[in-house]
Amino acid sequence: MPAPPQGPGAAPPFAAPPTEGGRTRLWLGLGAGALAVLICCGGGGAAVVGLAVSNAQAIGEQGRAVTNDYYQALVAREWSKAYDTLCDDIRRREPRREFERRVATEPQISGYRVGEVDLTTLTVPVDVTLAGGRREAQTVTLAPDQQTGGVEVCGVS
């Protein structure tokens, strides 16, 4: 078959591929894919950060609550309730009766103020007022309870 004549009105044997907009569509597709990956990973990262913050707040609240319970029992002279807030390690070293005898002979606590939990050391500062009006600073050491997932008093200094 002879080649079509050159000039106006002549049609090539096949249509040429479009040349404009090819790169634009490629970059739009890559950008949309990158945005989808960023949203998925960013959402997961935000969830992890949210869980960490929530966990830290829960430990802080539990630490203050158990410390408050311990000192409230000491002020009320309810030695058994104070003993119940202690960690298993202290309970193994000091039976309930010995704890109650020891605490009953120590200076009576008439008031206290619980500070903020230090999450890195799991300690709580407590300003204690003794029966004679003398004040002293004490530090409560907390420990996680493996059975309940909460925290317990595991030392006072």
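Exposed means over 50% relative accessible area and buried under 20%, with partly exposed in between. The legends below use these words for a predicted model.

**View 1. The two sides of helix H4 (residues 96–105).**
On one side of H4, Arg97, Arg101 and Thr105 are exposed. Phe99, Glu100 and Val103 of the helix are buried. The buried residues cover an arc of only 95 degrees around the axis, which puts them on the same side of H4. Arg97, Arg101 and Thr105 are on the other side.

**View 2. The disulfide between Cys87 and Cys154.**
The structure holds 1 disulfide. The bond joins Cys87 to Cys154, with an S to S distance of 2.0 Å. Distant parts of the chain are linked by the pair, 67 residues apart. Cys87 sits in the loop between helix H2 (79–84) and helix H3 (88–93), and Cys154 belongs to strand E4 (residues 151–156). The torsion about the S-S bond is about 60 degrees, so the disulfide is right-handed. Cys87 has a relative accessibility of 3% and therefore counts as buried. Another cysteine, Cys40, counts as exposed because its relative accessibility is 58%.

**View 3. The open sheet of 4 strands.**
The strand order is E1-E2-E3-E4, and the pairing is antiparallel. Strand E1 (109–114) and E4 are the edge strands, each pairing on one side only. From one strand to the next, the twist averages 35 degrees. Strands of a sheet pair through backbone hydrogen bonds, in either a parallel or an antiparallel arrangement. Between E1 and strand E2 (residues 123–130), the antiparallel pairing extends over 5 bridges. Ile109 stands opposite Leu130 of E2.

**View 4. Strands E2 and E3 with their hairpin.**
E2 and strand E3 (residues 135–144) run antiparallel and are joined by 7 bridges. Val124 has Val140 in E3 as its bridge partner. The hairpin of E2 and E3 has 4 residues between the strands. In this hairpin, Gly133 takes a positive phi near 95 degrees.

**View 5. Surroundings of Thr123 in strand E2.**
Thr123 has a relative accessible area of 17%, and buried means under 20%, so Thr123 is buried. The side chains of Thr123 and Thr121 are joined by a polar contact of 2.8 Å. Apart from neighbours within four places in sequence, Thr123 is in contact with Glu116, Val117 and Asp118, and also with Thr139, Val140 and Thr141. Of these residues, Val140 is also the bridge partner of Val124 in E3.

**View 6. Surroundings of Arg64 in helix H1 (residues 22–75).**
Arg64 counts as partly exposed because its relative accessibility is 32%. Leaving aside neighbours within four places in sequence, Arg64 is in contact with Val114, Gly115, Glu116 and Val117. Glu116 and Val117 are also among the contacts of Thr123. The C-alpha atoms of Arg64 and Val140 are separated by 10.0 Å, and the two residues are 76 residues apart along the chain.

Note on methods: Residues are numbered from 1 along each chain as its sequence is written. This is a predicted model: local features need pLDDT of at least 70, side-chain atom pairs count only at pLDDT 80 or more; totals for chains, interfaces and linings use all residues. Side-chain values use heavy atoms; hydrogens and water are left out. Buried means under 20% relative accessible area, exposed over 50%, partly exposed in between (1.4 Å probe, protein chains only). The arc is that of the directions from the helix axis to the C-beta atoms. A disulfide is a pair of cysteine sulfur atoms within 2.5 Å. Two strands pair if DSSP finds at least two bridges between them. Axes are lines fitted to C-alpha atoms, for helices over the stretch in contact, and angles run from 0 to 180 degrees between N-to-C directions. A polar contact is a pair of N or O atoms within 3.5 Å; within protein, one must be able to donate a hydrogen and the other to accept it, and residues adjacent in sequence count only if both atoms are side-chain atoms. Contact means heavy atoms within 4.5 Å.
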